[in-house]
Amino acid sequence: LQDAAERTRAAVGSLTAQFRELRANISTDNVLEELLDEQSFLLHVCAHGRLAAELAEDFLAHHSRLRPLAAASAPPGIFDRAVLSDAEHLAFTTRGLLTFFVAFVMGCFGGPKAVVVHDAGIAAVTALLLRKSVGAAGARNLQRLRGMAIGTMAGHVAYSLIGWCSWWNHALMLLMLAIWVGTSLFQHSEGRVGAGITHGHISGGASAGMLCAYFGARGMVEQCSNQVYTISDVLGSSYYLVVDSLMAVAICFVAEWALADGTAAQLATSSLDHTWRVLSKALSEALDPRVLEAHSHSVECMHRLRVAEALNLQAEREPRYWRLPWRVSLFADSVEAAKRLRMSLCGLEYCIAEGGRLGAGKAEKVRRLTSLTSFGSVQRVVHQALETIETAVETVLVQETGDTLKALSNPHLKRNFISEYVPTMRSFLREANSLPEVGYERRPAPSLEDDAAAIASALLSCVACIVAEAQTLPALIVQRAIF
């Protein structure tokens, strides 16, 4: 492992030296328009090599007990005031308390015929349904009803077939119970949104898989009997279970509908809009020479995009009534564009950090480059391009009626950001090549990570990706919205 780490570092040094020699043979300038993407790519190759070598050395140091690996970060405590006072948690707590209180009162005092007095079934099912989730109430409750219906029928069918009082029927019922619960809970776990979303958040709350497991198991664990039951007998025993379940779902639906933040389409649009704002903020911090710290926003962006993808699927399935059909393809294209911009932003944040280590502050060479007068013009074009994307996406998705598309009146859709960016980029190249640290280095860096010309090329390459997305995405959005 040590030999592999040393060979990797030697390969990084050899790659850096050969590229510098090739660059010097092409031109006297180190930052070349023709080699921007190549220098950016090779810089990241060198970074991957260094990180791999460092990881191998950390493993060896930990194995020899010279330097233990850093411990995984743990929560500071069980109760975090910032989390407890968060608006999302307070809203969930309010809805949960209100829902459970109504279910308890209804079960305590009963109702006309359908609900008996002192029935804890409604409160029990309500407690099962109360889970933090992503999405709107309509899609969740349709999923809950499906899960309860399938679970109830499966439990009664299994009991009617093998619910006899013999040892082999008990064994078969036990096997059936394990298979049903395991399969249903696996389906429940597959319903999670995926990486980037806090544990316990799923796209449908208490999903159909979880409710299938609960109601199916409840029917299978009934006391065995050798008496022959008719269909009416079986359905009669589950009458109050069905009533309690429907009442619990109705209470949850009313509470969530009354206190909901909006429909699935509105929540999806808000989540995507927040992602664009995070990207814009991160870009401003990365390109502003007055900001001395280098922060990572890629994790937050990925979290928001995962949520937006889940909400997009829910918005496609929710009833639209008088509103236009949900533009699922347009939304998906916007999410994919945001993912590509996130990758460019991730590379940009890495390039500006001192030594490629986030949290170490911005590198001095980066601050010098971003302080140039010509770079201010580059910044303005990029920020205007991002604002155009954000405005176009929000305008099209928010409009849910058949009126004239408001996005068509946006004058920025006709701008050619690439033609505006190229002159500012060339002006920056001329000014950057005049800097001493770019044009000549007394001690050549052992890796392109520390090469000022490679850093400048990586900056421009990431910025060019953002401008290219701003040039193509708004037109695609309008095209999707019309056709």
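Me: Contact means heavy atoms within 4.5 Å. This is a predicted model, where local features need pLDDT of at least 70 and side-chain atom pairs count only at pLDDT 80 or more, while totals for chains, interfaces and linings use all residues. Residues are numbered from 1 along each chain as its sequence is written, and side-chain values use heavy atoms, with hydrogens and water left out. So to speak, down to business: leaving aside neighbours within four places in sequence, which residues is Gly49 in contact with?

Reply: Gly49 sits in helix 2, helices being DSSP runs of H or I with at least four residues, strands E runs of at least two, all numbered from the N terminus. Its C-alpha atom is 6.0 Å from that of Thr8, though the two are 41 residues apart along the chain. With neighbours within four places set aside, Gly49 is in contact with Thr8 and Val12.

Me: Is Gly49 buried or exposed?

Reply: The cut-offs are under 20% relative accessible area for buried and over 50% for exposed, with partly exposed in between (1.4 Å probe, protein chains only). Gly49 has a relative accessible area of 12%, so Gly49 is buried.

Me: Is helix 2 roughly parallel or roughly perpendicular to helix 13?

Reply: Take the axes of helix 2 (residues 36-63) and helix 13 (residues 328-352): they come within 12 Å and cross at roughly 70°. Axes are lines fitted to C-alpha atoms, for helices over the stretch in contact, and angles run from 0 to 180 degrees between N-to-C directions. From 65 to 115 degrees counts as roughly perpendicular, under 35 as roughly parallel, over 145 as roughly antiparallel and the rest as oblique. That crossing therefore makes helix 2, relative to helix 13, roughly perpendicular.

Me: Which residues in helix 13 do Leu43, His44, Ala47 and Arg50 in helix 2 meet?

Reply: By class, this contact has four nonpolar, two polar and one charged residues. On the helix 13 side, the residues met are Gly347, Tyr350 and Cys351.

Me: Which side chain does the side chain of Asp273 make a polar contact with?

Reply: Asp273 lies in helix 11 (residues 264-287) and is buried, at 12% relative accessible area. Not counting residues up to four places away in sequence, Asp273 touches Glu390 and Glu394. Its polar contact, at 2.2 Å (N or O atoms within 3.5 Å, one able to donate a hydrogen and the other to accept it), is with the side chain of Arg277.

Me: How many helices does the protein chain have?

Reply: Of the 483 residues in the protein chain, 45% are buried. There are zero strands, and the number of helices is 18.

Definitions and conventions:
Nonpolar A, V, L, I, M, F, W, Y, C, P; charged D, E, K, R; others polar.
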